[in-house]
Amino acid sequence: MRLRRPRWKDPRLIVGIVLVVASVLMGALLVSRLSATTPMLVAKAPIVPGDEIDAADLTTVEMRLGDQADLYLGTAEAIPEGAVATRTIQSGELLPLTAVGQPADVPLRPVVIPVDETVAESVAPGAAVELWHTAPAVDDGGTGTAELLVPDAVVRRIDEGSSLGMQSMSVEVLVPADSLAEVLEVLAQDERLDVIGVPGAHGLAP
């Protein structure tokens with residue numbers, strides 16, 4: 001049998017050409033979408049829960065996020081009025097929609113804790129910390145007992161105090177509302193409350 005030369009009007013040839021053209025167009029569209037950049041808002045410094053999200057604390061970068069772009073805010077105009085951070089947003093982190101809310105969405109309360117000594121490097125604004133309570137010894141010559149009072153506090157700011165010693169150093173932390181009463185009771189009794197950093201948490205190096 002002799003093979004016949006395909007004709008331009010052959011349906012199989014037309015279908016083949018259409019499939020080739022379609023695959024080329026789809027590949028070009030995919031490459032174009034993957035290489036396209038979108039402006040995204042990035043935090044200049046840590047933004048802790050409850051802090052107002054201000055455009056002055058953000059910068060804009062071009063990112064290739066594809067379909068993930070809808071999960072983040074790209075312009076200052078997209079920030080809702082009165083918006084605050086509902087979780088810690090670290091320096092250099094994109095501004096996610098899930099971390100933006102209203103003050104009523106933040107279940108944390110600020111408490112100022114006086115400290116006698118310099119805190120560890122891991123105790124920094126935006127860092128996760130633990131609050132440990134050391135109760136005084138019951139008997140003379142005994143040792144106090146320590147217990148973990150709050151396992152999930154967040155540092156809001158650190159006050160270094162004054163160089164003349166007129167004001168001592170303190171750490172303002174955010175604690176869950178259901179732990180607030182215990183923390184205030186310890187502070188009212190003037191007992192020791194230590195702020196302990198959690199190495200590796202929220203981007204801090206161990």
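Read along the sequence, the protein chain runs through the pattern α-β-β-β-β-β-β-β-β-α-β, where helices (H or I, at least four residues) and strands (E, at least two) are DSSP runs numbered from the N terminus. The model is predicted, so that local features need pLDDT of at least 70 and side-chain atom pairs count only at pLDDT 80 or more, while totals for chains, interfaces and linings use all residues. Residues are numbered from 1 along each chain as its sequence is written, and side-chain values use heavy atoms, with hydrogens and water left out.

**Exercise 1. The chain as a whole**

Task: Work out how many helices and strands the protein chain has, and what percentage of its 206 residues count as buried.

Solution: Begin with the elements, which are two helices and nine strands. Next take burial, for which buried means under 20% relative accessible area, exposed over 50%, and partly exposed in between, with a 1.4 Å probe and protein chains only; of the 206 residues, 30% count as buried. Then turn to the accessible surface, which comes to about 13800 Å², 57% of it belonging to carbon and sulfur atoms; such areas come from the Shrake-Rupley method with a 1.4 Å probe, and for residues only the protein chains shown count as cover. Finally consider contacts, meaning heavy atoms within 4.5 Å: among those between residues at least 6 apart in sequence, 62% join residues at least 24 apart.

**Exercise 2. The salt bridges of R156**

Task: Find which side chains meet that of R156 in a salt bridge, and state where R156 and D51 lie.

Solution: Side chains of opposite charge can pair when their charged atoms come close. The rule applied here asks for a side-chain nitrogen of Lys or Arg within 4 Å of a carboxyl oxygen of Asp or Glu, and by this rule the count comes to five salt bridges. In one of them, R156 meets D51 with an N to O distance of 3.2 Å. R156 lies in strand β7 (residues 145-159) and D51 in the loop between β1 (38-43) and β2 (58-63), so this pair ties together parts that are 105 residues apart in sequence. R156 also meets E172, at 3.4 Å from N to O, and this pair links distant parts of the chain, since E172 is in strand β8 (residues 170-176), 16 residues from R156. As for exposure, R156 is partly exposed at a relative accessible area of 23%, whereas E172 counts as buried at 14%. Salt bridges that share partners join D51, R156, R157 and E172 into one network.

**Exercise 3. The largest pocket**

Task: Identify which residues are the closest to the centre of the largest pocket, and which element gives the largest share of its lining.

Solution: On a 1 Å grid over the protein atoms alone, a pocket is an open set of points where a 1.4 Å probe fits, with protein on both sides within 12 Å along at least five of seven lines, and lining residues have an atom within 4 Å of a point. Grid points are joined across faces, edges and corners, and a volume is the space filled by probe spheres set on the points; for the largest pocket this volume is about 440 Å³. Of its 18 lining residues, the closest to the centre are P114, V115, D116, L193 and D194. The elements that give two or more residues to the lining are β5 (108-114) and β9 (192-197), and the largest share, six residues, comes from β9. By class the lining has ten nonpolar residues (Ala, Val, Leu, Ile, Met, Phe, Trp, Tyr, Cys and Pro), six charged (Asp, Glu, Lys and Arg) and two polar (the others, Gly among them). D194, among the residues closest to the centre, forms a salt bridge with R192, the closest N and O atoms being 2.9 Å apart, and R192 is exposed at 53% relative accessible area.

**Exercise 4. Neighbours of S170 and R109**

Task: Decide whether S170 is buried or exposed, and which residues R109 contacts beyond four places in sequence.

Solution: S170, found in strand β8, is buried, with a relative accessible area of 12%. Not counting residues up to four places away in sequence, S170 touches V112, I113, P114, V115, I158 and D159. R109 has its place in strand β5 and is partly exposed at 37%; with the four-place neighbours left aside, R109 is in contact with V173, L174, V175, A177 and L180. The C-alpha atoms of R109 and S179, 70 residues apart along the chain, are separated by 9.3 Å.
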